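Here is my note on this model, point by point. Please keep the structure open while you read.

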Amino acid sequence: MNKEDILGDIIYWAGRSYKAKMVPATSGNISRLEDNVIFMSKSGVCLGDMGYEDVSELDINGNILNGVKPSSEKWMHLKIYKNRPDIKTIIHIHCPYVTSFAVCHKKIDEAILPEFIFNFGTIPSAKYALPSSVELAEEIAKHFKERNDAVLMENHGLVAGGGTLKETFYKLESIQAYAKTYFAAKFLGKIHTLNKDEIKKIQNLKG
């Protein structure tokens with residue numbers, strides 16, 4: 001894939017994330033790793049307004065290659081890529097429904113939806129560290145190294161990774177749907193979770 005296609009892919013999925021209300025205002029960031037170059041949303045940009053000029057290019061050590069200042073969360077992206085060679089794309093969101101779990105320091109693990117159990121099981125909650133810090137990057141990367149594809153960030157948001165931006169976005173959309181369903185169910189009444197036998201049957205569908 002040529003550079004123009006890579007940039008177009010980032011801009012498209014950044015726009016989808018904004019339209020899905022995952023990244024209000026200038027929050028959140030997005031990146032894609034291609035041939036040892038990390039293409040990342042620039043600092044302070046609204047993902048819904050991104051253009052080609054709003055994509056920073058970095059090497060795997062975080063050195064800027066094109067003069068565009070990257071998101072302040074670049075260390076988190078770098079650490080995830082280094083800890084999970086299978087991950088090639090990352091999106092970090094501040095969706096209020098999802099971030100509510102992070103604010104409560106509550107992992108997402110209640111077995112209410114078969115699709116969520118099949119795809120995630122549990123989404124851990126990483127300990128709070130200063131946003132944009134190396135400490136936060138290391139804390140998040142630790143959870144990814146344990147084979148989690150999505151991690152909550154206490155008092156901050158959530159970050160997910162995958163092989164493509166389409167795959168990563170769909171993971172986030174599923175998590176967002178879970179969070180909305182959870183809060184609506186809490187409002188309606190008692191939540192009924194699936195039992196251990198039902199959970200095991202769903203997990204066995206993976207083969």
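1. Start with lysine 180. This residue lies in helix H6. The model is a predicted one. Is lysine 180 buried, partly exposed or exposed? Its relative accessible area is 39%, so it counts as partly exposed. Now find lysine 201. The two lysines, 180 and 201, are 21 residues apart in sequence. In space, their C-alpha atoms are 25 Å apart.

2. Stay with H6, which spans residues 165–188. Which helix does it meet? Helix H1, residues 3–19, has an axis that comes within 10 Å of the axis of H6. The two axes cross at roughly 10°. Angles under 35 degrees count as roughly parallel, and H1 and H6 are therefore roughly parallel to each other. From H1, the residues in contact are Asp9, Ile10, Trp13, Arg16 and Ser17. From H6, they are Leu165, Lys166, Phe169 and Tyr170. Sorted by class, this contact has 5 nonpolar, 1 polar and 3 charged residues.

3. Next, the sheet. What is the order of its strands? The sheet is open, has 7 strands and runs E3-E2-E1-E4-E7-E6-E5. Its pairing is mixed. E3 and E5 (125–126) stand at the edges, each with a single partner strand, so one side of each has no neighbour in the sheet. Helix H2, residues 74–83, packs on this sheet. H2 touches E1, E2, E3, E4, E6 and E7. The direction of H2 makes about 40° with that of E1.

4. Look more closely at E3, residues 55–59. How many of its 5 residues are buried? The count is 5 of 5, so the strand is largely enclosed by the rest of the structure. Both faces are covered. Val55, Glu57 and Asp59 are buried on one side, and Ser56 and Leu58 on the other. Within the sheet, E3 is joined to E2 (residues 37–41) by 5 bridges, and these strands run antiparallel. One pair to find is methionine 40 with its bridge partner, serine 56.

5. Glutamate 57 deserves its own point. It lies in E3. Its relative accessible area is 12%. Buried means under 20%, so glutamate 57 is buried. What does its side chain contact? It makes a polar contact with the side chain of lysine 3, at 2.6 Å. Beyond four places in sequence, glutamate 57 touches Lys3, Val37, Ile38, Phe39, Asn63, Ile64, Leu65 and Asn66.

6. Move to E6 and E7. E6 covers residues 150–153 and E7 covers residues 157–162. They pair in the antiparallel sense over 4 bridges. Methionine 153 stands opposite glycine 157 in E7. Helix H5, residues 134–145, lies across E5, E6 and E7. H5 runs at about 145° to E6.

7. Finish in the loop between E6 and E7, where glutamate 154 is found. Its relative accessibility is 14%, so it counts as buried. Leaving aside neighbours within four places, glutamate 154 is in contact with Ala102, His105, Ser125, Ala126, Lys127 and Tyr128. A polar atom of its side chain lies 3.1 Å from the backbone nitrogen of tyrosine 128. Serine 100 is 54 residues from glutamate 154 in sequence. In space, the C-alpha atoms of serine 100 and glutamate 154 are 9.4 Å apart.

Technical notes: Residues are numbered from 1 along each chain as its sequence is written. This is a predicted model: local features need pLDDT of at least 70, side-chain atom pairs count only at pLDDT 80 or more; totals for chains, interfaces and linings use all residues. Side-chain values use heavy atoms; hydrogens and water are left out. Axes are lines fitted to C-alpha atoms, for helices over the stretch in contact, and angles run from 0 to 180 degrees between N-to-C directions. Helices (H or I, at least four residues) and strands (E, at least two) are DSSP runs, numbered from the N terminus. Angles under 35 degrees count as roughly parallel, over 145 as roughly antiparallel, 65 to 115 as roughly perpendicular and the rest as oblique. Contact means heavy atoms within 4.5 Å. Ala, Val, Leu, Ile, Met, Phe, Trp, Tyr, Cys and Pro count as nonpolar, Asp, Glu, Lys and Arg as charged, and the others, Gly among them, as polar. Buried means under 20% relative accessible area, exposed over 50%, partly exposed in between (1.4 Å probe, protein chains only). Two strands pair if DSSP finds at least two bridges between them. A polar contact is a pair of N or O atoms within 3.5 Å; within protein, one must be able to donate a hydrogen and the other to accept it, and residues adjacent in sequence count only if both atoms are side-chain atoms.
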